[in-house]
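Here's a quick briefing for anyone about to load this one into a viewer. Have the sequence open alongside, and take the points below in any order you like.

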Amino acid sequence: MSKDLKLFQEKQIRTAWNDAEQEWYFSIVDVIAALTDSHCERQRPCGNPFPLSAV
């Protein structure tokens, strides 16, 4: 799985591409922060550094 950053309205969204399943995964924390125009620092529960969800 390759990891990358994408920009959405000048906000960074962490992504990962899964070659085997041909799917993109996006960080839900980053997407919500971009859509709500949040200026808060990201907080990650349980120490997961890259929470992702399939598209």
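What follows is a short tour, from the overall layout down to individual side chains.

Keep in mind that this is a predicted model. The chain has one helix and four strands, arranged along the sequence as β-β-β-α-β. Its mean pLDDT is 76, with 69% of the residues at 70 or more.

**Confidence**

- Confidence varies by element: strand S3 (residues 23–26) has the highest mean pLDDT in the chain, at 90, while strand S4 (residues 53–54) has the lowest, at 60.
- Where pLDDT is low, the predicted coordinates shouldn't be read in detail.

**Overall numbers**

- Of the 55 residues in the chain, 24% are buried.
- The accessible surface adds up to about 4,300 Å², and carbon and sulfur atoms account for 55% of that.
- If you take the contacts between residues at least 6 apart in sequence, 42% of them join residues at least 24 apart.

**Helix H1 and what covers it**

- Which residues of helix H1 are buried? Within the helix, which spans residues 28–35, they are Asp30, Ala33 and Ala34.
- These three sit on the same side of H1, because they cover an arc of only 100° around the axis.
- That ties in with a bit of textbook geometry: an α-helix has 3.6 residues a turn, so residues three or four places apart point the same way.
- The cover over the buried residues of H1 includes two strands, S1 (2–8) and S2 (11–18).
- Just after H1 comes Asp37, which has a positive phi, near 55°.

**Salt bridges**

- How many salt bridges turn up in a search of the whole structure? There are two.
- One of them joins Asp30 and Arg14, with the closest N and O atoms 2.6 Å apart. It links distant parts of the chain, as Asp30 is in helix H1 and Arg14 is in strand S2, 16 residues apart.
- Are Asp30 and Arg14 buried or exposed? Both partners are buried.
- The side chains of Lys11 and Asp37 make another salt bridge, at 3.1 Å from N to O. This pair also links distant parts of the chain, with Lys11 in strand S2 and Asp37 in the loop between H1 and S4, 26 residues apart.
- Asp37 counts as partly exposed, because its relative accessibility is 45%.
- As general background, side chains of opposite charge can pair when their charged atoms come close.

**Aromatic cluster**

- A search of the whole structure gives two aromatic pairs.
- In one, the rings of Trp17 and Trp24 have centres 5.1 Å apart and planes at 55°, so this pair is tilted.
- In the other, the rings of Trp24 and Phe26 have centres 6.4 Å apart and planes at 35°, which makes that pair tilted too.
- Put together, Trp17, Trp24 and Phe26 make up one aromatic cluster.
- Trp24 counts as partly exposed because its relative accessible area is 33%.
- Phe26 is partly exposed as well, at 25% relative accessibility.

**Phe8, on strand S1**

- Phe8 is part of strand S1, and its relative accessible area of 35% makes it partly exposed.
- What does Phe8 touch, beyond its neighbours within four places in sequence? It is in contact with Ile13, Ala34 and Leu35.
- One of those contacts, Ala34, is among the buried residues of H1.
- Phe8 and Leu35 are 27 residues apart in sequence, with their C-alpha atoms 8.9 Å apart in space.

**A backbone detail to check**

- Gln22 isn't a glycine, yet its phi is positive, at about 55°.
- You'll find Gln22 in the loop between S2 and S3.
- Is Gln22 buried or exposed? With a relative accessible area of 55%, Gln22 is exposed.

Notes: Residues numbered from 1 in each chain as written. Predicted model: local features only at pLDDT ≥ 70, side-chain atom pairs only at ≥ 80, totals over all residues. Heavy atoms only, no water. Phe/Tyr/Trp six-rings, centres within 6.5 Å; stacked < 30°, edge-to-face > 60°. Buried < 20%, exposed > 50% of the residue type's maximum accessible area, 1.4 Å probe, protein only. Arc of directions from axis to C-beta. Contact = heavy atoms within 4.5 Å. pLDDT = per-residue confidence, 0-100. Salt bridge = Lys/Arg side-chain N within 4 Å of Asp/Glu carboxyl O. Areas by Shrake-Rupley, 256 points an atom, 1.4 Å probe, with all protein chains shown as cover.
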